[in-house]
Amino acid sequence: MTPDLRWMEYALRLGRRALGTTAENPPVGCVIVWAGKLVGAGCTQPGGRPHAETEALAMAGTAARGATAYVTLEPCAHHGRTSPCAEALVRAGITRVVTALEDPDPRVSGQGHAILKDAGVLVQTGMAAEQARHDLAGFLTRITEKRPYVILKIGVSADGKIATGPRQRTVITGPQVKARVHLMRAQSDAILVGLSTVLIDDPDLSCRLPGLEKRSPIRIVADTRLSIPPWVKLVRTASEVPVWILSTRKGYVGPGITVIDCRQTSGGWVDFHDAFAQLAVRGVNRLMVEGGAHVAHSLLQADLVDEVQLFQGIMVIGPQGTDAIADMPLSHLDIRFKHSAKETLGTDTLTVYERR
């Protein structure tokens, strides 16, 4: 492994710490190295600011002069609430910048690299690009496709069922899967379930990993007719963690709850293409979908799923159980997606599928 790749991988690890916390901004990592030694490091801060470069430069101080900066995404070039990071790197005396990806945001899109080059900074891009593209998929998808990056989480029995029967809450996987799912929540901007899941499971959809409780995602419910009852946990805790409702009807539910008025499909349901476009405008980069079978089926049918995390337990439920994706067999995943990883979690297994 070359020194450049080693430092970029460090920057990528820093960026992953910020997943799900940076609002509309990308979760970027930055490392500053002088004479082979680390002098500055940082990642995008909660809410999206300060940027990773700002954090790393503050740590480096005067040691940044003559140093190399490794940044997982092209430094920004536009004036917003802060001045461009590309200009800050130039002012600090950075002489070389290594980036993983060019930023597709039209306000940047090569202009950050141009600022650096015009100032005489040596620029190299494409370092660990594939890994950076995966880590920044939420931001990249929101910018290029005007919707969030969608991760569908499914928990199934050994025979592909999600419950012992209709409207039956069924625990299928063990504690290690539970911990992983809570980490997924912490790394997501928002989490989506259907109203049926709310009525059956009454989840709170927060992150309960020790030390990460404050990283609970925005909770979103697909509720076509705006009929969510006031007694469910999501409504009762909306003042603590926000709740958004995707509905074809307007109305007021309670404090802390935002109703997003969506177009409806020909069948009268929420149009997820329109709903996700509205989520993108609101800055949602990574959207985790946790239930239920009909929501999963609708999203797969609409080709709106980018990644599937399939957790499978050892329990056998039998033919009377509820299928994982409504009227769609699990084998459909092998057709639409490619296997990208497999892992054992206690007695359970995790298979990760990614869009082909």
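**Figure 1. L205 in the loop between helix 8 and strand 9 of the predicted model**. At 2% relative accessibility, L205 falls under the 20% limit and therefore counts as buried. The residue is not a glycine, yet phi of L205 is positive, near 60°. The loop that holds L205 runs between helix 8 and strand 9. These two elements belong to a right-handed β-α-β unit, which is made of strand 8, helix 8 (residues 195–201) and strand 9.

**Figure 2. A23 in the loop between helix 1 and strand 1**. Phi of A23 is near 55°, again a positive value in a residue other than glycine. Is A23 buried, partly exposed or exposed? Its relative accessibility is 29%, so A23 counts as partly exposed. The flanking elements are helix 1 (3–17) and strand 1 (29–34).

**Figure 3. The cis peptide bond between R49 and P50**. Omega of the bond from R49 to P50 is near -5°. P50 sits in the loop that links strand 2 to helix 2 (52–60). Strand 2 (37–43) is an edge strand of the sheet shown in the next view.

**Figure 4. The open sheet of 5 strands**. The strand order is 2-1-3-4-5, and the pairing is mixed. Strand 2 (37–43) and strand 5 (122–125) each have a single partner strand, so one side of each has no neighbour in the sheet. From one strand to the next, the twist averages 15°. Strand 4 (residues 96–99) pairs with strand 5 in the parallel sense, over 4 bridges. Across this pair, V98 stands opposite Q124 of strand 5.

**Figure 5. The open sheet of 9 strands**. The order here is 11-10-9-8-12-6-13-16-15, with mixed pairing. Strand 11 (257–261) and strand 15 (337–345) form the edges, each pairing on one side only. The twist averages 20° from one strand to the next. The following views show parts of this sheet, including strand 8 and strand 13.

**Figure 6. Strand 8 and its parallel partners, strands 9 and 12**. Which residues of strand 8 point one way, and which the other? A190, L192 and G194 lie on one side, while I191 and V193 point the other way, and all are buried. With 5 of its 5 residues buried, strand 8 (residues 190–194) is therefore largely enclosed by the rest of the structure. Strand 8 runs parallel to strand 9 (residues 218–222), and 5 bridges join the two. I191 stands opposite R219 in that pair. On the strand 12 (residues 286–291) side the pairing is also parallel, with 4 bridges. There A190 has L287 as its bridge partner.

**Figure 7. Strand 13 between strands 6 and 16**. Strand 13 has 5 buried residues out of 6, so it is largely enclosed by the rest of the structure. Strand 6 (residues 149–156) runs parallel to strand 13, and 6 bridges connect them. One of the facing pairs is I154 with L310 of strand 13. With strand 16 (residues 348–355), strand 13 (residues 307–312) pairs in the antiparallel sense, again over 6 bridges. Across this pair, Q312 has T349 of strand 16 as its bridge partner, and E307 stands opposite E354.

**Figure 8. The surroundings of E307 in strand 13**. What does the side chain of E307 contact? A polar contact of 2.8 Å joins the side chain of E307 to that of Y149. E307 is buried but has no salt bridge. Its nearest side chain of opposite charge is R286, at 5.9 Å, whereas a salt bridge requires a distance within 4 Å. Y149 lies within the residue range of strand 6 (residues 149–156), a parallel partner of strand 13.

**Figure 9. Helix 11 and the residue D303**. Which residues of helix 11 are buried? In helix 11 (residues 293–301) they are A293, V295, A296, H297, L299 and L300. D303 follows the helix and has a positive phi, near 60°.

Terms used. Residues are numbered from 1 along each chain as its sequence is written. This is a predicted model: local features need pLDDT of at least 70, side-chain atom pairs count only at pLDDT 80 or more; totals for chains, interfaces and linings use all residues. Side-chain values use heavy atoms; hydrogens and water are left out. Two strands pair if DSSP finds at least two bridges between them. Axes are lines fitted to C-alpha atoms, for helices over the stretch in contact, and angles run from 0 to 180 degrees between N-to-C directions. Buried means under 20% relative accessible area, exposed over 50%, partly exposed in between (1.4 Å probe, protein chains only). A crossover is right-handed if, with the strands pointing away from the viewer, the path from the first strand over the helix to the second runs clockwise. Lys and Arg count as positive and Asp and Glu as negative; His and the chain ends are not counted. A polar contact is a pair of N or O atoms within 3.5 Å; within protein, one must be able to donate a hydrogen and the other to accept it, and residues adjacent in sequence count only if both atoms are side-chain atoms.
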